[in-house]
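Please examine the following model and consider how its parts are held together. The explanation below proceeds from one region to the next.

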Number of protein chains: 2
Amino acid sequence: MKPTIRDVAKMAEVSISTVSRVMNAPHTVVESKRSRVIEAIEKLQYQPNAFARGLIYKKSNTLGLLIPDIENLYFAGVIRGMQDACIKLGYSLMICNTDRDKERMLSYIDTFHEKQVDGIVYASDVLYPECYEKLTGCRIPFVLVSSHSEEFDVPSVEVDDERAAYDAVKFLIELGHTEIGMIGFNHDNSVSGPPRYEGFVRALNEAGLEHNVEKVRYANHRFEHAYQAAHELFTDYPQVTALFCVADEFAMGAISYLKDRNILVPGQVSVIGFDNLRMSGMYIPKLTTIAQPIYQLGYRAAEKLHELLTTGKVVVPTEKMEHKLIVRESSRER
Amino acid sequence: MKPTIRDVAKMAEVSISTVSRVMNAPHTVVESKRSRVIEAIEKLQYQPNAFARGLIYKKSNTLGLLIPDIENLYFAGVIRGMQDACIKLGYSLMICNTDRDKERMLSYIDTFHEKQVDGIVYASDVLYPECYEKLTGCRIPFVLVSSHSEEFDVPSVEVDDERAAYDAVKFLIELGHTEIGMIGFNHDNSVSGPPRYEGFVRALNEAGLEHNVEKVRYANHRFEHAYQAAHELFTDYPQVTALFCVADEFAMGAISYLKDRNILVPGQVSVIGFDNLRMSGMYIPKLTTIAQPIYQLGYRAAEKLHELLTTGKVVVPTEKMEHKLIVRESSRER
DNA sequence: GCCTTGAATGTAAGCGTTTTAAAAATTCTC
DNA sequence: GAGAATTTTTAAAACGCTTACATTCAAGGC
C-alpha cells in the first residue's frame, strides 16, 4: 500500500494535521517536529494523494490539450512549447490526439471533464459548435491555438494568416514570377484555409496578376494529398513557375512530385512553404518558408489559459503572433 | 458549481446511492427510478468526479508516458499507437517530454506518483538507475518501449537492434559495396547504440570486410549532429560508397551534407536509414531504410503495461517485434 | 501564583464518491 | 391475510487530505 499521511504522522509521532501543515505552511510548525516529519516523508517516499487534494481544492492542476495530429511536426512543436509553459506554471498536461475526428474530440472532452482538468487548449483546427456547447456546458475554460472562432467568443493565439500568406506570395512576385499557383487547405474543414487564400489573392491583385487566382488546388493536411494536388495543378497549368504552399508538408509533397516529374526546384519552379518545421531546413532543397513561432504559440496558449483560469478573463482575447519570411533554397529569381 | 451526485439525487428524488447504482450496476435499480435518474444526469450534464472515485478505487485509469523528444517523429508514432491502445483499454494518457533530462524525468515521476497514474511507459531511451529506484520505490509498475535493461528486470518491447542493423549492412554489402561507413548513436547515452554497432560489425565480418569497422562516427539524436558526423566521416574516409545510418533523421542529415558537397545519393554514395519515419518516403531521395513497427511498438507497450497492471505479471517479459527492409531510392548497386 | 495572551498542536468535519449492512418495500407461499 | 423470502432502497462508513475550531502549553504581566 502506498503510504498515507497517517503513516507519516505515526512515524513522526505527531498528528496528521501537523504533517499536513509541514507541507502547506511549514513555518507554523516548530522546527523539532518539522524535521521529524520531513524525515518520515522521505523515509516513506510519501507523496500526497492528488485525488484527496483535488477533492478539497476542486482543482487538478492539469491542463488538457486537444491536438489534431501528433505526427504533424507543427503540433509537436506546439506541444513542446505548451509543456514547457506548464512546467513553469505548475500544471501537468494531458494530451489527446483527435485525428480531427469530432466524435473523438467529444469523448475526450468528457474524459477531461471527468478528470477535472482545470482548462483546455483546443488546437484541433476548427471549433465545432458541438464541442463549444459541450465545453461551455461543463464549464471548462478553454483557449484556441492556431485557430480562432468568428462564431463564438473564445480567446485565441495564432498568426495573422492573411498577412503571412500575402507576404509569401509577395515574395514570389518580387522574385519576378508571374505564373503563380497555390496548394491550400480546404476551406470547409480548416480555419486557416480561407485567410491564406485571401492573402494569396490580395498579393496577386496588388501586382496586377489576378489571372492566377484560380491556380489553386486543395489538399488535406498530408504530404500525399499535396503530392496529388501538385499533380493536378501542374497538369492544368504547366506554365506555373512559382508555388505557394500553405504548409511545409505541402511544399515537400509538391517538390517531391516535381522531382518525380524531373522538374527542378528551384531551377524551374520556386516553392515557398509555411510553418518552418524543424524538418524544413533538412529537406532537399531546404525550404523557403513563412516561419510561425510554433513553440511560442504553444507556450503562449498555456499562459493565456492560465490567465483565464486565475483572473477569470483574458486581456487580449485574440492574439496575433509575428510570422517571418525565411529564405532558403527552394526559391529563386525568375 | 459542478453538479454532484447529490444534485442528481435531489432532482430524481432518490438517494445518492441509488444514483451511484444507476451508474455502476443499473440492473439493480427498478426501471422507473432508473430512467428518472438518467434523465437528471443528462439534464445536469453530470459527470462523476474522478477525484472521489479515484480515492475509493485507488486507480486513476491513467497511464503515464515518458518520452525523450516529442518533436522526433519516431516518438510521435509511438505516442499515436499508445494512445489508440489506451482508448481501447479505457485509459487516459499523460504524456511527458523529458528532453532526455534526468532531473526532468525524476520530477515527472513524482508528478505521476502524485497523480496516481496506474502505470508508466518509459520511452526515454536509457533507464537510469535513479529512475528505476524511484519507480520501484513508489511502486509504480512500468514497461520499457524501444529500450530494455540488462541491469534491471523490466518488461520491454522493442525491435531486435542487432539483427536489424545486420540486415541493413548486409543489404549494402549485397549491393556490392565494400567501403561502408556508419553513423551511430553514442554508446554511452543510448541503449540501441551498441547493438546496432554490433550488427554492423557482424555483417562486415561475415563478408570479410572487417577493415570497415572503424569507419564510424557518432551523432546525438538530431539531424544537425548527423550532418556534422557525416562531414567527419567523409573527411577521414572519402572512399566510402555506402553509409548505414542508425536513424532516418541521421540519413537525412548525412544526405544533406553529401548534397552540400555535391556528392550524389545514390549515384556516388548509397545511404540506408533506420526507423521508416512517416517523413522518410517524402524525402528526396526517398529513403531506403529498416522499418520499425513504430505504431505497433507503442500499441503493444500499452497492452503490455495493461497486462502487468491487471495480472501482476507479463507473459513475455522482453518482446521483440519484427523489422523490415524497405528499399527506396537512396541506395543503389555499386 | 494567577490570569491573559499567543503560538503550537490536535480533533473532527467535510470534499464526492462507492459499498456494506441494515431497513423498507414488494412478492410469494400457504 | 400473515409471515417468509426476495427485491429495492437507504443510511452511514470509508477513501486521504485540508482546515476551522478547540485544546494545550509556555511565556509574560500583574
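The paragraphs that follow treat a strand of chain B, the surface near the DNA, the salt bridges and the backbone geometry in turn. The model is a predicted one.

A suitable starting point is strand 6 of chain B, which spans residues 180-185. Because 6 of its 6 residues are buried, strand 6 of chain B is largely enclosed by the rest of the structure. Buried here denotes a relative accessible area under 20%. Strand 6 of chain B is joined by 4 bridges to strand 8 of chain B, residues 242-245, and the two run parallel. Within this pairing, Ala242(B) of strand 8 stands opposite Ile180(B). Strand 6 of chain B is also joined by 4 bridges to strand 7 of chain B, residues 216-219, again in parallel. Here Phe185(B) has Ala219(B) of strand 7 as its bridge partner. The chain passes from strand 6 to strand 7 of chain B by way of helix 9 (residues 193-206), in a right-handed β-α-β crossover.

The next region is the protein surface around DNA strand C. There are 27 residues around this DNA strand, and those that come nearest are Ser17(A), Thr18(A), Ile5(B), Ser20(B) and Ile56(B). Which part of the DNA does the protein approach, sugar or phosphate, or bases? Of the atoms of DNA strand C within 4 Å of the protein, 66% belong to sugar or phosphate, and the rest belong to bases. Several individual contacts involve phosphate oxygens of DNA strand C. A polar side-chain atom of Thr18(A) lies 2.7 Å from a phosphate oxygen of this strand. For Tyr46(B), the corresponding distance from a polar side-chain atom to a phosphate oxygen is 2.8 Å, and for Arg53(B) it is 3.0 Å. Two or more residues each are given to this surface by helix 2 (16-24) and helix 4 (50-57) of chain A, and by helix 1 (5-12), helix 2 (16-24) and helix 4 (50-57) of chain B. Helix 2 of chain B provides the largest share, 5 residues. By class, the surface near DNA strand C comprises 13 nonpolar, 9 polar and 5 charged residues.

Attention now turns to charged pairs within the protein. Side chains of opposite charge can pair when their charged atoms come close. Over all chains, the count comes to 48 salt bridges. One of them links Glu114(B) to Arg53(A), with 4.0 Å between the closest N and O atoms. Since Glu114(B) lies in helix 6 (residues 102-114) of chain B and Arg53(A) in helix 4 of chain A, this pair joins two chains. Glu114(B) is partly exposed, at a relative accessible area of 24%, and Arg53(A) is partly exposed as well, at 26%.

Other salt bridges lie within chain A. Glu179(A) and Lys215(A) meet at 2.9 Å, N to O. Glu179(A) is in the loop between helix 8 (161-174) and strand 6 (180-185) of chain A, and Lys215(A) is in the loop between helix 9 (193-206) and strand 7 (216-219) of chain A, so the pair ties together parts that are 36 residues apart in sequence. Lys215(A) counts as buried, at 3% relative accessibility. A further salt bridge, at 2.6 Å from N to O, is formed by Lys304(A) and Glu319(A). Because Lys304(A) lies in helix 12 (residues 294-311) of chain A and Glu319(A) in strand 11 (residues 318-321) of chain A, this pair ties together parts that are 15 residues apart in sequence. Both Lys304(A) and Glu319(A) are buried. In addition, a network of salt bridges links Glu71(A), Asp99(A), Arg104(A), Arg80(B) and Asp84(B).

The backbone geometry completes the account. Most residues other than glycine have a negative phi, and most peptide bonds are trans. Val265(A) and Pro266(A), however, are joined by a cis peptide bond with omega about 5°. Pro266(A) is in the loop between helix 11 (248-260) and strand 9 (270-275) of chain A. In chain B, the peptide bond from Ile284(B) to Pro285(B) is cis, with omega near 0°, and Pro285(B) is in the loop between strand 9 (270-275) and strand 10 (288-291) of that chain. Gln116(A) has a positive phi, near 60°, and is buried at 10% relative accessibility. Gln116(B) likewise has a phi near 60°, and is buried with a relative accessible area of 9%.

Definitions and conventions. Residues are numbered from 1 along each chain as its sequence is written. Chains are lettered from A and ligands numbered from 1 in the order in which they are written. This is a predicted model: local features need pLDDT of at least 70, side-chain atom pairs count only at pLDDT 80 or more; totals for chains, interfaces and linings use all residues. Side-chain values use heavy atoms; hydrogens and water are left out. Buried means under 20% relative accessible area, exposed over 50%, partly exposed in between (1.4 Å probe, protein chains only). Two strands pair if DSSP finds at least two bridges between them. A crossover is right-handed if, with the strands pointing away from the viewer, the path from the first strand over the helix to the second runs clockwise. A residue is near a molecule or strand if one of its heavy atoms lies within 4 Å of it. A polar contact is a pair of N or O atoms within 3.5 Å; within protein, one must be able to donate a hydrogen and the other to accept it, and residues adjacent in sequence count only if both atoms are side-chain atoms. Ala, Val, Leu, Ile, Met, Phe, Trp, Tyr, Cys and Pro count as nonpolar, Asp, Glu, Lys and Arg as charged, and the others, Gly among them, as polar. A salt bridge is a side-chain nitrogen of Lys or Arg within 4 Å of a carboxyl oxygen of Asp or Glu.
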